[in-house]
Amino acid sequence: MEVKATMAGSVWKITVEQGQTIEEGQDVVILESMKMEIPITAEQSGVLKALKVNEGDFVNEGDVIAIIE
């Protein structure tokens, strides 16, 4: 499953590590947009296979942030 950005913004903080077990609803990254913090959460449980962003990266709505299997 792909975790995608719900809006454009900068990756303020990554809250998980590759290989970590992720629970449904857990924050994966926190975006910063217009001085607001927007958590991006996992829609299903699984293991984080890949992070596609780094802190400080800019993402657009729909960009893949992480892959959970």
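Two strands pair if DSSP finds at least two bridges between them. With that in hand, here are some exercises on this predicted model.

**Exercise 1. Work out the order of the strands in the open sheet, and find which strands stand at its edges.**

Solution. Start in the middle, with strand 6 (residues 46-51).

- Step 1: On one side, strand 6 is joined by 3 bridges to strand 8 (residues 64-68), and the two run antiparallel. Two residue pairs let you check this on screen: Leu-51 stands opposite Ala-66 of strand 8, while Leu-48 has Ile-68 as its bridge partner.
- Step 2: Strand 6 also pairs with strand 3 (residues 21-22), again in the antiparallel sense, over 2 bridges. Look here for Thr-21, whose bridge partner in strand 6 is Val-47.
- Step 3: Put together, the open sheet has 4 strands in the order 1-8-6-3, with antiparallel pairing.
- Step 4: Strand 1 (2-4) and strand 3 each have a single partner strand, so they are the edges, and one side of each has no neighbour in the sheet.

**Exercise 2. Find which strands pair with strand 4, and over how many bridges.**

Solution. Take the partners of strand 4 (residues 27-33) in turn.

- Step 1: Strand 2 pairs with strand 4 in the antiparallel sense over 4 bridges. A good place to look is Lys-13, which stands opposite Ile-30.
- Step 2: Strand 5 pairs with strand 4 over 6 bridges, also antiparallel. Here Glu-32 has Glu-37 of strand 5 as its bridge partner.
- Step 3: Now follow the chain from strand 4 into strand 5: the two form a hairpin with 2 residues between them, and Met-34 in that turn has a positive phi of about 50°.

**Exercise 3. Decide whether Ser-33 is buried or exposed, and describe its surroundings.**

Solution. Begin with the strand and then move to the residue.

- Step 1: Ser-33 lies in strand 4, a mostly covered strand with 5 of its 7 residues buried.
- Step 2: The cut-off for buried is under 20% relative accessible area. Ser-33 has 10% relative accessibility, so Ser-33 counts as buried.
- Step 3: Leaving out residues up to four places away in sequence, Ser-33 touches Met-7, Ala-8, Gly-9 and Ile-38. With Ala-8 there is a polar approach: the backbone oxygen of Ala-8 lies 3.2 Å from a polar atom of the Ser-33 side chain.
- Step 4: For a sense of distance, compare Glu-23, 10 residues away along the chain: its C-alpha atom is separated from that of Ser-33 by 25 Å.

**Exercise 4. Name the residues that touch the most other members of the largest nonpolar core, and the strands that supply it.**

Solution. Count members, then contributors.

- Step 1: The core has 18 residues, and those touching the most other members are Val-11, Val-28, Val-29, Leu-31, Ile-40 and Ile-65.
- Step 2: Strand 2 (9-14), strand 4, strand 5 (36-41) and strand 8 each supply at least two residues.
- Step 3: Zoom in on Val-28. Beyond four places in sequence, its contacts include Val-3, Ile-14, Ile-40 and Ala-66.

Terms used
Residues numbered from 1 in each chain as written. Predicted model: local features only at pLDDT ≥ 70, side-chain atom pairs only at ≥ 80, totals over all residues. Heavy atoms only, no water. Buried < 20%, exposed > 50% of the residue type's maximum accessible area, 1.4 Å probe, protein only. Polar contact = N/O pair within 3.5 Å; in protein donor to acceptor, adjacent residues only side chain to side chain. Contact = heavy atoms within 4.5 Å. Core = buried A, V, L, I, M, F, W, Y, C linked by side-chain atoms within 4.5 Å.
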